[in-house]
Amino acid sequence: MEKYDLIIVGSGFASSFFLKKYLEKSGAEKRVLVLERGILYPHQERLKKARQEEVAAAYQHLEGFRETYQYNNTEKSWVFDPNFGGSSNCWTGCTPRFMPNDFKIKTLYGVAQDWPITYDDIEPYYCEVEEIMMIGGPAVTPYPKSKPYPLPPQKLSTVDKLLQQKYNELYISQPTARATKPVGNRNGCCSSLVCNLCPVNSKFTIENTLTPVYKDERVTVKYGCQVYNMITENDKVKGVAYKENGKDVESIGEVIALGSNAIFNAHILLSAGDRSYYTGRGLSDQRGTFATMYFDKLDNLGGSSSITANGYMLYDGVHRKERSACIIESFNEPIIRNEAGKWRKLAKFKFIFEDIPKDDNRVMLSDDPLKPRLEFKGHHEFVDKAMKNLGSDIEKIFSFLPIEKIEMDNYFQKTEYHICSTTRMGKSAEDSVVDKNLVHHQYRNLFVLGSGAFPTITPANPTIALSALSLMAANNSF
Ligand SMILES: Cc1cc2nc3c(=O)[nH]c(=O)nc-3n(C[C@H](O)[C@H](O)[C@H](O)COP(=O)(O)OP(=O)(O)OC[C@H]3O[C@@H](n4cnc5c(N)ncnc54)[C@H](O)[C@@H]3O)c2cc1C
């Protein structure tokens with residue numbers, strides 16, 4: 001049996017950024033095996049299928065995920081694309097950074113747990129990810145940046161511009177992986193709002209940018225291989241066990257990296273007998289709700305792309321001692337008011353709250369060795385408290401605009417599509433599953449990548465952070 005220097009499970013963001021850095025730092029003699037449960041389902045094929053069928057085209061390719069776990073909570077869903085490139089195929093490409101204080105909310109606000117790293121530790125890797133993804137973003141941001149965004153910012157709408165004049169760096173053009181101008185083999189964003197299956201190949205995907213990593217001659221990619229267990233000996237992982245075409249197969253590796261997202265990383269660890277209290281615990285996601293504002297004498301016009309701006313006005317501060325931080329997204333949907341003379345006198349915003357991981361929201365083993373069982377009992381009480389305050393917060397923030405009325409959605413989205421915190425990072429096995437370089441506290445040749453490592457869930461989107469963590473882990477370890 002061939003022994004690999006590195007075996008990587010999955011081919012989404014977490015795996016691809018880790019692999020990229022590993023190859024940069026390793027010699028020509030290294031051998032890497034990538035095991036991907038799904039297929040290579042090229043963007044062009046997805047588009048062809050979407051054009052032929054009358055179903056909600058953007059989501060049809062996503063259906064496969066429902067069969068991958070056991071779960072019976074209809075109030076909350078956990079969505080991902082189980083194929084090459086993972087959810088890069090269907091993500092929206094919103095890439096605001098976390099704030100420096102997100103990494104130390106225990107120290108500052110007495111809540112949850114600090115990260116074992118600071119914003120300064122991850123900052124250079126944020127820059128590297130933004131360069132690889134060719135993020136478009138503004139010159140001025142609420143978080144410090146050592147390098148400018150590589151592409152220009154997207155255009156703001158009329159209402160966005162007024163909010164920016166009022167709140168300066170707390171209201172910015174949303175940093176985005178939907179290319180703001182043509183770059184490499186990607187087109188500029190067409191603003192058609194079907195980002196989940198981008199019709200012009202504008203947003204960053206693993207397929208359109210990181211395919212060369214998988215074509216490296218040191219790398220072997222095997223599709224249709226679902227890893228479900230690991231072979232361990234004392235405190236070392238010797239290899240992985242997987243199903244290939246219905247057959248049980250094992251591969252042996254010097255180093256193993258799990259990049260199969262926060263559900264399956266935890267499941268593989270549990271199957272292998274990891275008995276850390278934290279493994280599988282803390283399954284979380286942010287929570288979002290919408291509000292529509294109707295104006296008296298203000299036409300909302302312009303703005304590029306589906307989500308044009310981020311507001312950080314409700315984000316950081318002492319309120320985090322008792323309720324969740326919130327990030328605001330300006331939704332640039334083509335909606336109109338059905339009233340003569342008032343068609344454009346409205347704006348729609350989404351308010352997204354951070355969650356604090358709760359131990360009884362879990363990934364567990366089930367009676368089927370290939371399927372984890374998920375249990376989700378609800379978000380942290382801080383989310384509800386922040387939601388209760390939202391009406392008055394909105395009035396405070398937006399009251400300088402000529403508002404006629406505000407319509408609160410009062411409906412929480414079933415998902416923000418971010419699966420986090422089942423293998424959290426920390427200082428020792430006493431408080432976490434992995435260390436600051438994503439190395440498992442017990443199995444020191446095992447990396448557990450992805451947003452499962454987040455000890456707390458900030459309101460900002462997670463993917464550039466988890467990609468940056470992968471770069472940092474590989475850079476510090478090889
Ligand atoms: C509709 C949608 C919109 C989103 N929009 C945004 C956004 O705007 N901004 C943002 O920051 N984030 C967004 N996200 C979240 C983002 O996509 C995820 O954070 C990101 O994909 C996680 O990367 P990952 O590599 O850890 O996991 P994934 O992308 O889930 O990749 C996991 C990979 O592992 C493979 N795999 C899984 N299990 C196994 C196994 N047992 N054996 C072998 N292979 C396995 C999968 O097939 C896949 O290739 C969105 C997600 C969705 C679904």
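Guide: A residue is called exposed if 12 or fewer other C-beta atoms lie within 10 Å of its own, and buried if 20 or more do. This structure is a predicted model, and the count can be tried on one of its residues, K247.

Visitor: Is K247 buried or exposed?

Guide: K247 has 7 C-beta neighbours inside 10 Å, so it counts as exposed. The residue sits in strand 7. In space, the C-alpha atom of K247 is 58 Å from that of K161, and the two residues are 86 places apart in sequence.

Visitor: How does R344 read on the same scale, and where is its place?

Guide: A count between the two cut-offs makes a residue partly exposed. R344 is partly exposed because 16 other C-beta atoms lie within 10 Å of its own. R344 belongs to the loop between strand 10 (326-331) and strand 11 (346-353).

Visitor: Which residues is R344 in contact with, beyond its neighbours within four places in sequence?

Guide: R344 is in contact with D299, N300, L301 and I336. For L301 there is also a C-alpha distance: 7.1 Å from R344, although 43 residues separate the two along the chain.

Visitor: What share of the residues in the whole protein is buried?

Guide: Of the 478 residues, 50% are buried.

Visitor: Which residues have the most contacts inside the largest nonpolar core?

Guide: The residues with the most contacts in that core, which has 113 residues, are F18, C326, L438, F447 and A468. Helix 10 (residues 463-477) gives the core its largest share, nine residues. There is also a second, separate core of six residues, with A50, C195, L197 and C198 among them.

Visitor: What is C326 in contact with, leaving aside neighbours within four places?

Guide: C326 is in contact with L314, Y315, F351, I352, F353, A386 and P459. For the protein as a whole, take the contacts between residues at least 6 apart in sequence: 73% of them join residues at least 24 apart.

Visitor: How many helices and strands does the protein have, and how compact is it?

Guide: There are 10 helices and 15 strands. The radius of gyration is 22 Å and the globule rule gives 23 Å for 478 residues, so the protein is as compact as a globular protein of that length. The C-alpha trace spans about 75 × 50 × 45 Å along its principal axes.

Visitor: How should strand pairing be read, starting with strand 7?

Guide: Look at the direction of each pair and at the number of bridges. Strand 7 (residues 247-258) runs parallel to strand 1 (residues 3-9), with six bridges between them. Strand 7 also runs parallel to strand 15 (residues 446-448), here with three bridges. L258 of strand 7 stands opposite V9, and L258 also stands opposite V448 in strand 15.

Visitor: Which way do strand 6 and strand 7 run, parallel or antiparallel?

Guide: Strand 6 (residues 236-244) and strand 7 run antiparallel and are joined by six bridges. G239 faces I252 of strand 7, while V240 has S251 as its bridge partner there. As a general point, side chains in a regular strand alternate between the two faces of the sheet.

Visitor: What pairs with strand 6 besides strand 7?

Guide: Strand 5 does, in the antiparallel sense, over eight bridges. G239 of strand 6 is the bridge partner of I231, and G239 also stands opposite I252 in strand 7.

Visitor: Which residue takes a positive phi in each of these hairpins?

Guide: In the hairpin of strand 5 and strand 6, N234 takes a positive phi near 50 degrees, with two residues between the strands. The hairpin of strand 6 and strand 7 also has two residues between its strands, and there N245 takes a positive phi near 50 degrees.

Visitor: How many residues surround the ligand, and which are the closest?

Guide: The ligand is surrounded by 38 residues, and the closest are G10, G12, G86, S87 and N461. By class the shell divides into 15 nonpolar, 21 polar and two charged residues.

Visitor: Which elements supply at least two residues of that shell?

Guide: Helix 1 (13-25), strand 5 (225-233), helix 8 (261-271) and helix 10 each do. The largest share, three residues, comes from helix 1. Helix 10 thus appears twice in this reading: in the shell around the ligand and in the largest nonpolar core.

Terms used. Residues numbered from 1 in each chain as written. Predicted model: local features only at pLDDT ≥ 70, side-chain atom pairs only at ≥ 80, totals over all residues. Core = buried A, V, L, I, M, F, W, Y, C linked by C-beta atoms within 7 Å. Helix = DSSP H or I, 4+ residues; strand = E, 2+ residues; numbered from the N terminus. Contact = placed C-beta atoms within 7 Å. Rg over C-alpha atoms; globule rule 2.2 N^0.38 Å. Pairing = 2+ DSSP bridges. Near = placed C-beta within 6 Å. Nonpolar A, V, L, I, M, F, W, Y, C, P; charged D, E, K, R; others polar.
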